[in-house]
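Welcome! Here is a short guided walk through one protein model, meant for someone meeting it for the first time. Take a look at the sequence and the structure, and then read on.

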Amino acid sequence: MDDTQRLRYSRHLLLNEFGEEAQERLLAARALVIGAGGLGSPALMYLAASGFGRIAICDGDRLDLTNLQRQIVHRHASVGMPKAASAAQTLRAINPDVQVEAIEERVEGERLASLVRAADVVLDCSDNFSTRHAINRACVASRRPLVSGAGVRFDGQVAVFDLRRDDAPCYHCLFAEDAAGDEDRCATLGVFAPLVGVIGTLQAAEAIKLIAGVGESLSGRLLLFDSLATHWHEVRLARDPQCRVCARERAAAA
Ligand SMILES: [Zn+2]
């Protein structure tokens, strides 16, 4: 770290639990954030401000006027721009130290797998179940920690699947694929603006902790947030030994 970086990150360095080594780990790390929408906005901004060395942003959509009510990484003047490029522009303005890569496509298949392999932590900030399951499969296959968030109407949830660990459940252990009949309904439902801010911010906090090696992660727990009643609920998660996604991967690796 140079002197400017020591100043920039001084409020992290002052934390006993954090310090210089943890900050160095962030500076050396690469995050993959899928979705530059309501969840991705605060997540990306905190990852950039906190000093992640490299951030890859995937989003295949263009910015629409209806996005601006909650997708705070974007600016009014960017309406019509690819969201990945618009978000990248904001992140570079926040912290020029960060190498930002804008991927203006909905990634799947081998492209998604290689992006996940190249990342130290993956944040699922997407808005549909097929993408969520595809991200989970790629994270299970390359054993990358997955920080998953979701938010619609007034209800949000966040979970960490630390797939570096043998005992960690995966997203599919929790949500079977066939249960996801509501494909793309999110696009037509209302969303309370600060709800996705709270959830996306928690995703950033968990990603930073996982990489910095600080504190206890949310791994193995699901947090549910009712922003209408301002009520949090926590559920313990267990591996499904019959899980079609992670049981087979683990058996193949053993
Ligand atoms: Zn599983």
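Let us begin in a loop: Thr-230 sits between strand S7 (221–226) and strand S8 (231–236). Keep in mind throughout that this is a predicted model. Although Thr-230 is not a glycine, its phi is positive, about 50°. Its relative accessibility is 61%, so Thr-230 counts as exposed.

Another loop residue deserves a visit. Arg-153 lies between strand S5 (146–152) and strand S6 (155–161). Arg-153 is not a glycine either, and its phi is positive, near 50°. With a relative accessibility of 43%, Arg-153 counts as partly exposed. The table puts these two loop residues side by side.

| Residue | Loop between | Phi | Relative accessibility |
|---|---|---|---|
| Arg-153 | S5 and S6 | near 50° | 43% |
| Thr-230 | S7 and S8 | about 50° | 61% |

Next comes a residue in a helix. Asn-136 belongs to helix H7 (residues 129–142). Is Asn-136 buried or exposed? Its relative accessibility is 0%, so Asn-136 counts as buried. The side chain of Asn-136 reaches the backbone nitrogen of Tyr-171 at 3.0 Å. Setting aside neighbours within four places in sequence, Asn-136 has contacts that include Leu-146, Leu-163, Cys-170, His-172 and Val-245.

Helix H4 (residues 40–50) is mostly covered, with nine of its 11 residues buried. Among them are Gly-40, Pro-42, Leu-44, Met-45 and Leu-47. Right after H4 comes Gly-51, with a positive phi near 100°.

Leu-47 also leads us to the nonpolar interior. The largest nonpolar core has 43 residues, and those touching the most other members are Leu-47, Phe-52, Ile-55, Ile-57, Leu-91, Val-121 and Leu-123. Helix H9 gives this core its largest share, nine residues. Apart from this core lies another one of 28 residues, including Ile-103, Leu-115, Val-122 and Cys-173. Leu-123 touches, among others more than four places away in sequence, Leu-32, Ile-34, Leu-47, Val-147 and Ala-207.

Finally, how do two of the helices meet? Helix H3 (residues 19–27) packs against helix H9 (residues 193–212) at an angle of about 110°, and their axes are 8 Å apart. This angle makes H3 roughly perpendicular to H9. On the H3 side, Ala-22, Arg-25 and Leu-26 take part, and they meet Ile-208, Ile-211 and Ala-212 of H9. Sorted by class, the contact between H3 and H9 has five nonpolar residues, one charged residue and no polar ones.

How values were computed
Residues are numbered from 1 along each chain as its sequence is written. This is a predicted model: local features need pLDDT of at least 70, side-chain atom pairs count only at pLDDT 80 or more; totals for chains, interfaces and linings use all residues. Side-chain values use heavy atoms; hydrogens and water are left out. Axes are lines fitted to C-alpha atoms, for helices over the stretch in contact, and angles run from 0 to 180 degrees between N-to-C directions. Helices (H or I, at least four residues) and strands (E, at least two) are DSSP runs, numbered from the N terminus. Angles under 35 degrees count as roughly parallel, over 145 as roughly antiparallel, 65 to 115 as roughly perpendicular and the rest as oblique. Contact means heavy atoms within 4.5 Å. Ala, Val, Leu, Ile, Met, Phe, Trp, Tyr, Cys and Pro count as nonpolar, Asp, Glu, Lys and Arg as charged, and the others, Gly among them, as polar. A nonpolar core is a set of buried Ala, Val, Leu, Ile, Met, Phe, Trp, Tyr and Cys residues joined through side-chain atoms within 4.5 Å. Buried means under 20% relative accessible area, exposed over 50%, partly exposed in between (1.4 Å probe, protein chains only). A polar contact is a pair of N or O atoms within 3.5 Å; within protein, one must be able to donate a hydrogen and the other to accept it, and residues adjacent in sequence count only if both atoms are side-chain atoms.
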